[in-house]
Amino acid sequence: MSRATIQAYYDAFNQGDIEGMIATLHDDFAHHVNEGATRLGKEAFVEFCRHMSETYKEVLTDMVVFANDEGTRGAAEFTVNGTYLKTDPGLPEAKGQKYVLPAGGFFTLKDGKITRVTTYYNLNDWIAQVSK
């Protein structure tokens with residue numbers, strides 16, 4: 001079940017379906033981002049997703065999802081194919097730049113729902129791509 005939950009999370013992401021992503025989350029949820037503070041709870045995650053959808057258009061491809069037999073831990077590896085739509089404070093100016101990044105996510109699950117997602121990518125690689 002954990003692989004299916006993680007896949008559903010990313011399927012919703014690729015469809016721009018924030019509510020679909022929320023449906024995969026446990027009430028006790030923490031979002032650990034590559035850069036920045038941990039966001040606790042679904043409301044903070046929704047705010048993050050809204051900001052991201054205004055600032056970036058991303059589709060994830062080459063997805064491989066892994067999970068332990070107990071259904072409590074999982075991971076995914078994928079490629080981020082994006083367009084930088086709107087300047088994010090403290091980052092380079094957005095001019096519709098395209099970027100492609102390898103990335104991954106790590107998950108903890110409880111009762112078939114995601115309690116933690118941690119996302120990793122190379123920020124310096126992204127900055128180099130959008131600064132051209």
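**Reading a core and two positive phi values**

Guide: The largest nonpolar core has 32 residues, and those with the most contacts inside it are Y9, Y10, F45, Y99, F107, I114 and W126. Its largest share, 5 residues, comes from strand 5. This is a predicted model, in which local features need pLDDT of at least 70 and side-chain atom pairs count only at pLDDT 80 or more, while totals for chains, interfaces and linings use all residues. Residues are numbered from 1 along each chain as its sequence is written, and side-chain values use heavy atoms, with hydrogens and water left out.

Visitor: What is a nonpolar core?

Guide: In soluble globular proteins, nonpolar side chains tend to be buried together. A nonpolar core is a set of buried Ala, Val, Leu, Ile, Met, Phe, Trp, Tyr and Cys residues joined through side-chain atoms within 4.5 Å; buried means under 20% relative accessible area, exposed over 50%, and partly exposed in between (1.4 Å probe, protein chains only).

Visitor: Which residues is Y99 in contact with, leaving aside its neighbours within four places in sequence?

Guide: Contact means heavy atoms within 4.5 Å. With those neighbours left aside, Y99 is in contact with Y56, E58, V80, N81, G82, T83, Y84, W126, Q129 and V130. Q129 belongs to helix 4 (residues 123–130), helices being DSSP runs of H or I with at least four residues and strands E runs of at least two, numbered from the N terminus. Q129 is buried, because its relative accessible area is 18%.

Visitor: What is phi of D62?

Guide: Most residues other than glycine have a negative phi. Phi of D62, in contrast, is positive, near 55°, and D62 lies in strand 3 (residues 56–67).
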